[in-house]
Amino acid sequence: LIIPIGGGGLIGGMAHYLDQINSSVELLGVEPLGADSFTKSLENNGAVRIHKVDTIADSLGAPMAMEFSFNIAKKRVGQVEKVTDDEIRKAMITIRERLGFIVEPACATSLAGLQERYKKKCEGKKVGISLKPKSKIELIEKHIEQVDLILIMSVEPGFGGQKFMPEVLDKTKKIKQLIDKKKLKTEIEID
């Protein structure tokens, strides 16, 4: 799992979650070269502040790793790599050309890490796509042969206490029919 790093909250949260479920998933981090507070914190074995932030991925431009998140993440994160702004731009272009999405730089940082730093490490690994309840199946249809798992969210992410959205059952059925029609071995999970 390749996670973009700013202040460390997302990767710290993922590290904690993966520990809680006893997962063997390897957790990898990627951060902009011009905002490398997490890498510097790892080098110093403690959360540090950097003096200058210079990256197009401004939402990852935290001037410091947050101590609480850093202390959780450092125990679980297997590796952190830095990517340049040019590598992030290249990943943004790839996302636009292959998926038709226009994304902000932070969104493309994980792909930049995959394309430039983690490519060999990730060869042969399983690939998954997550669909929110309102996401249309057509978004993944042309890429379905390239994934091993489709995770269908049964609630909108980020809001606790929601009820199961029964309309995802119809979406699940349609995705299963598509998988069967193409004779794929793609797995489906509902969260």
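The chain holds eight helices and six strands, where helices (H or I, at least four residues) and strands (E, at least two) are DSSP runs numbered from the N terminus. Along the sequence they are arranged as β-α-β-α-α-β-α-α-α-β-α-β-α-β.

A word on conventions: this is a predicted model, in which local features need pLDDT of at least 70, side-chain atom pairs count only at pLDDT 80 or more, and totals for chains, interfaces and linings use all residues. Residues are numbered from 1 along each chain as its sequence is written, and side-chain values use heavy atoms, with hydrogens and water left out.

Now to the overall dimensions. The radius of gyration is 18 Å, which agrees with the value near 16 Å for a compact globule of 191 residues; it is taken over C-alpha atoms, and the globule rule is 2.2 Å times the number of residues to the power 0.38. The C-alpha atoms fill a box of roughly 55 × 35 × 30 Å along the principal axes.

Of the 191 residues, 39% count as buried (under 20% relative accessible area, 1.4 Å probe, protein chains only).

Let's move inside. The largest nonpolar core (buried Ala, Val, Leu, Ile, Met, Phe, Trp, Tyr and Cys residues joined through side-chain atoms within 4.5 Å) has 14 residues, and Ile 2, Ala 57, Val 83, Ile 88, Ala 108 and Ala 112 touch the most other members. These elements each supply at least two residues of this core:

| Element | Residues |
|---|---|
| Strand 2 | 27-32 |
| Helix 4 | 85-99 |
| Helix 5 | 105-116 |

Beyond its neighbours within four places in sequence, Ala 57 is in contact (heavy atoms within 4.5 Å) with Pro 32, Ile 88, Pro 105, Ala 106 and Thr 109.

Notes: Buried < 20%, exposed > 50% of the residue type's maximum accessible area, 1.4 Å probe, protein only.
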